[in-house]
Amino acid sequence: MRSIELVLDPAAERAVRDLWDALVDADLPSMGRHTSATNTPHVTLAAGDTLPVPPGFDVALPSTVRPAGLLLFPAGPGRHVLGVGVVVDRALAAFHEAVHRVAPGGVDTSLPGRWAPHLTLARHPRDVDLPRMLEVLAAVPLPEELGVAGVRHWDGETKTVTTVG
């Protein structure tokens, strides 16, 4: 799988990592348990098996994104993906569409009109862990805006990251 992702500036990345760390400290599932150098907070703009590295975009990169509420996505019986939703304002919607113009081939759930942008906090937590996770996360508020640092292309097969435009 390949993806094109918004990456956060250092302060915003630290704010999301604080959520990850709070979950780890509470002995709960967290993206903070993944130690790969490429495991950084991000918002996936497109995902697909054949996504090319885009040459650039015809729309300006949003300078910030706004966190929304927590989201749960199904991930098998008794499991979910837990994330912080991201508000789709005009700037983000326009940029998302621009990404898909230059990098076709995204899976259905990453296409405009079907996309639920988010910052992943934990993959596959058990349903029984969710109440405690919510309690822990409520004690670590995010800022009203998160700065965007750029865009990257992730190739899951080769485990490589390419900075884009």
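Which residues does Leu 19 touch, not counting residues up to four places away in sequence? In this predicted model, Leu 19 touches Val 84, Leu 121, Leu 137, Val 140 and Leu 142. Leu 19 itself is found in helix 1, and with a relative accessibility of 4% it counts as buried. One of its partners, Val 140, is 121 residues away in sequence, yet the two C-alpha atoms are 6.3 Å apart in space. With this residue as a starting point, the overall architecture can be described.

The protein contains 3 helices and 8 strands. Read from the N terminus, these elements follow the order β-α-β-β-β-β-α-β-α-β-β. The radius of gyration is 15 Å, close to the 15 Å that the globule rule gives for 165 residues, so the protein is as compact as a globular protein of that length. Along the principal axes, the C-alpha trace spans about 45 × 30 × 30 Å.

Several totals help to fill in this picture. Of the 165 residues, 43% count as buried. When contacts between residues at least 6 apart in sequence are considered, 77% of them join residues at least 24 apart. The exposed surface amounts to about 8,400 Å², and carbon and sulfur atoms supply 54% of that area. As for charge, there are 14 positive and 19 negative side chains, and the centres of these two sets lie 3 Å apart.

Helix 3 offers a good view of how a helix is placed in this model. The helix covers residues 130–138, and Leu 130, Met 133, Val 136 and Leu 137 within it are buried. These four residues lie on the same side of helix 3, because they cover an arc of only 120° around the axis. The face turned away from that buried side carries the exposed residues Pro 131, Glu 135 and Ala 138. What covers the buried residues of helix 3? The cover includes helix 1 (10–25), along with strand 4 (67–74), strand 5 (79–86) and strand 6 (118–126). The contact between Leu 19 and Leu 137 is a link between helix 1, where Leu 19 is found, and helix 3, where Leu 137 is buried.

Strand 6 can be followed through one of its residues, Pro 125. Is Pro 125 buried or exposed? Pro 125 is buried, with a relative accessible area of 0%. Leaving out residues up to four places away in sequence, Pro 125 touches Pro 29, Gly 78, Arg 79, His 80, Leu 82, Leu 130 and Met 133. Among these, Leu 130 and Met 133 are also buried residues of helix 3. Pro 125 and Ser 30 are 95 residues apart in sequence, while their C-alpha atoms are 8.2 Å apart in space.

A second proline, Pro 77, gives a contrasting case. Pro 77 sits in the loop between strand 4 and strand 5 and is exposed, with a relative accessible area of 83%. Its C-alpha atom is separated by 9.0 Å from that of Arg 126, a residue 49 places away along the chain.

Strand 7 is represented by Gly 147, which is buried at a relative accessible area of 11%. Which residues are in contact with Gly 147, leaving aside its neighbours within four places in sequence? They are Leu 8, Asp 9, Ala 12, Ser 63 and Thr 64. Ala 12 falls in helix 1, which runs over residues 10–25. Gly 147 and Val 43 are 104 residues apart in sequence, with 12 Å between their C-alpha atoms.

Backbone geometry is the last topic. Asp 27 has a positive phi of about 60° although it is not a glycine. This residue lies in the loop between helix 1 and strand 2 (42–48) and is exposed, with a relative accessible area of 63%. Lys 159, also not a glycine, has a positive phi of about 60° as well. Where is Lys 159 placed? Its place is in the loop between strand 7 (146–155) and strand 8 (160–164). Lys 159 is exposed, with a relative accessible area of 57%.

Definitions and conventions. Residues are numbered from 1 along each chain as its sequence is written. This is a predicted model: local features need pLDDT of at least 70, side-chain atom pairs count only at pLDDT 80 or more; totals for chains, interfaces and linings use all residues. Side-chain values use heavy atoms; hydrogens and water are left out. Helices (H or I, at least four residues) and strands (E, at least two) are DSSP runs, numbered from the N terminus. The radius of gyration is taken over C-alpha atoms; the globule rule is 2.2 Å times the number of residues to the power 0.38. Buried means under 20% relative accessible area, exposed over 50%, partly exposed in between (1.4 Å probe, protein chains only). Contact means heavy atoms within 4.5 Å. Accessible areas come from the Shrake-Rupley method with a 1.4 Å probe; for residues, only the protein chains shown count as cover. Lys and Arg count as positive and Asp and Glu as negative; His and the chain ends are not counted. The place of a charge is taken as NZ of Lys, CZ of Arg, CG of Asp or CD of Glu. The arc is that of the directions from the helix axis to the C-beta atoms.
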